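Have a look at the sequence and the structure shown here. Let's walk through a few helices and strands and see how they fit together.

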Amino acid sequence: MSVLERIEGPEDLKDLTRTELATLAQEIRTFLVEEVSRTGGHLGPNLGVVELTIAIHRVFDSPRDAVVFDTGHQSYVHKLLTGRHDFTALRKQGGLSGYPSRTESEHDVVESSHASSSLSWAHGIAAGRVIAGERDRHTVAVIGDGALTGGMAWEAMNNIAAESDLPLVIVVNDNERSYAPTRGGLADHLATLRTTRGYERFLDWGKSALNRTPVVGGAMYETLHGMKKGIKDIVAPQGLFEDLGLKYVGPVDGHDEVALEQALRRARAFGGPVLVHVITQKGKGYDPAINDENDQFHAVGVINPETGLPLEISGRSWTDEFSDALVELGEERSDVVAITAAMMIPVGLDAFAKRFPSRTFDVGIAEQHATTMAAGLAYAGLHPVVAIYATFLNRAFDQLLMDCALHKAGVTFVLDRSGITGPDGASHHGMWDMSIAGIVPGLHLAAPRDGQQIPIALRAAVDISDAPSVIRFPKGSLSDAITAVRTVDGVDVLVEPDSGGDEVDLLLVGVGSMVATCLTVAEKLSAEGLRVRVVDPVWALPVNPAVGGLAQAARHIAVVEDNSVAGGVGSHVMRSLRDNGIDAPMSLFGLPREFLDHGSRGQVLDRVGLTPEAIAAKLLDTLR
């Protein structure tokens, strides 16, 4: 039996020998490469935290001591050490989540995969336990240097430092990356700490040397120790954290399990908040990951474990279409600039950055800053394009509303991974963006139905100079282009009844990628003898009055979208029709107001009844 097979929980780690710990670390890396290569997942980050996670679970007592992982994609090792060894369905329906999950284990605390929140969670947990008289229960927050670029982390750190007796340990997992290399002033500071390890050695040398000096040696050492703040600023400038009031320990080699345990035990015994700075290597032990310059296998699909090469070649994606369109637009318009929040490659801005480096800004995991900075760039006469995942627009709502919309700033938001994203689960689905955008005065939103519509929408969006605009599209490969049979005042008509005049049984309004679903629904209903017209509003918000004109010729109207049905485009269409005296019955199809578990996109859509078969069946019952 391997060492890993003997680990059913953290207690099983306590009595392992140093040799067994080293063997365990190697077995975990081998397991991760073999299993994640079959399912896809966050491989590089987990290979980098093996020894760190082992040390945390040997020093602390989970679940009595809470371990909070920021973002949570680096929790695979934690899952293994807490007894979850079946990775055969990782990130698949019915299998393990790719993030911590309370339904899986009492050792999991925070399920959200949105970054920079761990310190606030940890502060609340630690403070709550102190109030409850449980001061002997520790809280550990594991946060990457990438997540430290988020402002929420610094808000929390400012408050944590004010409570000098809080039993809280902050572990900074510093691998110089989030997806790609971490950028900004904090990254530069951490780099200085990584390369300046002299302070502790200097103080140890001073103590040893001066204590050998007769009479005055001890006093001189005490004086030297009293001057440590000034010496630290010169020899190792960790003062940024200590000036906040946090005890700083490190930097520590994140792949030296003994050194990690020593540092964590010091932190645990300190009696107040401590920051332990750990240096790790993303992709540790797996050459294909280490040699991947883009993101060191941050997230992979199904790959050959020997070579790291993908076993399935993806087709051209929605992101590819946007990337090419933005570069082309950048060539034509010098006022177009691009902003992203630590996602240069995932959202397709890398090509624009390569061509126009001075017009590209990666602000780190800081969507709020990105949005307000964009408002400032617009005020300066430029047109910013902010490219982020749809789920992360949630984080910047106030800035979208009060900085962009209130000030009529011409800023375009491009939301990748809209709708159901699949295997990353509830906090990665982009299912709230149209509800959020729909309450912003003056905002324009386009949902391209296919790749050919993306450059058209982008060009139209950057021509809007007096309001924010949004373009949203899903994850994955493109489907075939869908050609309009005619256009009515900006609304594309995609399917018409064969004959019989303008009147129809059903006006089917498809939004974005759901247009393809609507075409299949129309086929099924037409086969049942119903007259169906399918339209794509192109610009979904505000509602085009032409939709109302088309609705007047329909016995029933249905809207299909991959956004929450609560506050979605369908609700805006209904309100627009009612305001204009159109009282035809309506059916709204969208995502339910609930958090949807991981699974493939198709599985999730089937689960919520947003498939052609389910929609057609409901409409057939309604229209008969």
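How many residues of helix 3 (residues 50-59) are buried? The answer is 10 of its 10 residues, so to speak a mostly covered helix, where buried means under 20% relative accessible area, exposed means over 50%, and partly exposed lies in between (1.4 Å probe, protein chains only). Among those buried residues are V50, L52, I54 and I56, but also E51, H57 and R58.

Before going on, some ground rules. This is a predicted model in which local features need pLDDT of at least 70 and side-chain atom pairs count only at pLDDT 80 or more, while totals for chains, interfaces and linings use all residues. Residues are numbered from 1 along each chain as its sequence is written, and side-chain values use heavy atoms, with hydrogens and water left out. Helices (H or I, at least four residues) and strands (E, at least two) are DSSP runs, numbered from the N terminus.

**Helix 3 and its neighbour**

Helix 1 (residues 18-39) meets helix 3 with axes that come within 10 Å and cross at roughly 130 degrees; axes here are lines fitted to C-alpha atoms, for helices over the stretch in contact, and angles run from 0 to 180 degrees between N-to-C directions. That makes helix 1 oblique to helix 3 (under 35 degrees counts as roughly parallel, over 145 as roughly antiparallel, 65 to 115 as roughly perpendicular, and the rest as oblique). The crossing of helix 1 past helix 3 is right-handed (the near helix is turned clockwise from the far one by less than a right angle; anticlockwise would be left-handed).

**Around strand 11**

Now move along to strand 11 (residues 469-472), which is covered on both faces. S469 and I471 are buried on one side, and V470 and R472 are buried on the other. Strands of a sheet pair through backbone hydrogen bonds, either parallel or antiparallel. Two strands count as paired if DSSP finds at least two bridges between them. Here are some pairs, including those of strand 11:

| Strands | Direction | Bridges |
|---|---|---|
| Strand 9 (residues 412-416) and strand 11 | parallel | 4 bridges |
| Strand 10 (residues 444-446) and strand 11 | parallel | 3 bridges |
| Strand 14 (residues 504-510) and strand 17 | parallel | 6 bridges |
| Strand 17 and strand 18 (residues 586-591) | parallel | 5 bridges |

S469 faces T412, and H444 also stands opposite S469. Strand 10, helix 19 (residues 453-462) and strand 11 form a right-handed β-α-β unit (with the strands pointing away from you, the path from the first strand over the helix to the second runs clockwise).

**Strand 17 and its sheet**

Strand 17 (residues 554-564) is mostly covered too, with 10 of its 11 residues buried. A558 is the bridge partner of L508, V560 is that of G510, and S564 is matched with L591 in strand 18. Strand 17 also joins helix 22 (residues 569-579) and strand 18 in a right-handed β-α-β unit.

Which order do the strands of the open sheet follow? The 6 strands run 12-13-15-14-17-18, with mixed pairing. At the edges sit strand 12 (486-488) and strand 18, each pairing on one side only. From one strand to the next, the twist averages 25 degrees.

**A word on cysteines**

A search of the whole structure turns up 0 disulfides (pairs of cysteine sulfur atoms within 2.5 Å). C404 is buried at 0% relative accessible area, and C518 counts as buried at 0% relative accessibility.
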